[in-house]
Amino acid sequence: MLTQSKFAEQLRDYQIRYKRKYSALTFFSPKPQIQSRVDVAVAIGFALLFSMLVVSSLLTLYLRHFWLFGVAICFNIFLPARLRMSRQTLARNRERRLPLSI
């Protein structure tokens, strides 16, 4: 007979077993966990934006446009910080929700 605790354990094992791992992309994801293709696409977009900002900041430093270099560095610092704050906020909101009863 399938009891509630056995069902919950089987569900947890299934979720752990079939969970996709995108550890490199979670740094650029605004969500705490990547669960769909849309999340992967958003994370890749932010990764490309970050790399473009790094290249542009190095180019402006090479061309000696120090004011633009400062602006690009500020954006380079702001982007990962804002993504981390977004992940923490979503994780905090997820913890506040009441668990579903089976």
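The points below comment on a predicted model of a single chain, going from its overall make-up to particular residues.

1. Overall make-up. The secondary structure comes to three helices and zero strands, and read along the sequence the chain follows the pattern α-α-α. Of its 102 residues, 18% count as buried, while the accessible surface comes to about 8700 Å², of which 65% belongs to carbon and sulfur atoms. Among contacts with a separation of 6 or more, those between residues 24 or more positions apart account for 46%.

2. Helix α2. This helix covers residues 37-62, and its 26 residues reach 37 Å from the first C-alpha to the last, a span close to the 38 Å expected at 1.5 Å a residue. Just after α2, Arg-64 takes a positive phi of about 60°, and the helix α3 that is found further along the chain is made of residues 66-96.

3. Buried side of α2. Which residues of α2 are buried? They are Asp-39, Val-40, Ala-43, Ala-47, Leu-53, Ser-57 and Thr-60, and what covers the buried residues of this helix includes α3. When reading that list, it helps to recall that an α-helix has 3.6 residues a turn, so residues three or four places apart point the same way. Leu-59, also found in helix α2, counts as partly exposed because its relative accessibility is 48%, and its C-alpha atom is separated by 8.3 Å from that of Phe-69, which is 10 residues away along the chain.

4. The salt bridge. The count of salt bridges comes to one, and in it the side chains of Lys-31 and Asp-39 meet at 3.3 Å, N to O. Are the two partners buried or exposed, given their relative accessibilities of 39% for Lys-31 and 7% for Asp-39? Asp-39 counts as buried because its 7% is under the 20% cut-off, whereas Lys-31, at 39%, counts as partly exposed. Asp-39 therefore appears both in this pair and among the buried residues of α2.

5. The loop before α2. Ala-24 is found in the loop between α1, which is made of residues 4-17, and α2. Ala-24 counts as exposed because its relative accessibility of 63% is over the 50% cut-off. The C-alpha atom of Ala-24 is separated by 9.5 Å from that of Ala-43, with their positions 19 residues apart along the chain, and Ala-43 is one of the buried residues of α2.

6. Annotated spans. An unreviewed UniProt entry places the feature "transmembrane region" at residues 40-59 and 65-83. In the model, the span 40-59 is 100% helix and 0% strand, with its end C-alpha atoms 28 Å apart. Over residues 65-83 the chain is 95% helix and 0% strand, and here the end C-alpha atoms are 28 Å apart. The annotation may be inferred rather than shown by experiment, and the helix content is a computed property of the model.

7. Nonpolar surface patch. Which residues form the nonpolar patch on the surface? Trp-67, Leu-68, Val-71, Phe-75 and Phe-78 do so, with about 560 Å² of accessible area together. Of these, Phe-78 has its place in helix α3, the helix that is included in what covers the buried residues of α2.

Note on methods: Residues are numbered from 1 along each chain as its sequence is written. This is a predicted model: local features need pLDDT of at least 70, side-chain atom pairs count only at pLDDT 80 or more; totals for chains, interfaces and linings use all residues. Side-chain values use heavy atoms; hydrogens and water are left out. A salt bridge is a side-chain nitrogen of Lys or Arg within 4 Å of a carboxyl oxygen of Asp or Glu. Buried means under 20% relative accessible area, exposed over 50%, partly exposed in between (1.4 Å probe, protein chains only). Helices (H or I, at least four residues) and strands (E, at least two) are DSSP runs, numbered from the N terminus. The expected span of a helix is 1.5 Å times one less than its number of residues. Contact means heavy atoms within 4.5 Å. Accessible areas come from the Shrake-Rupley method with a 1.4 Å probe; for residues, only the protein chains shown count as cover. Patches are made of residues with over 30% relative accessible area and no salt bridge: like charges are joined within 9 Å, nonpolar side chains (Val, Leu, Ile, Met, Phe, Trp, Tyr) within 5 Å.
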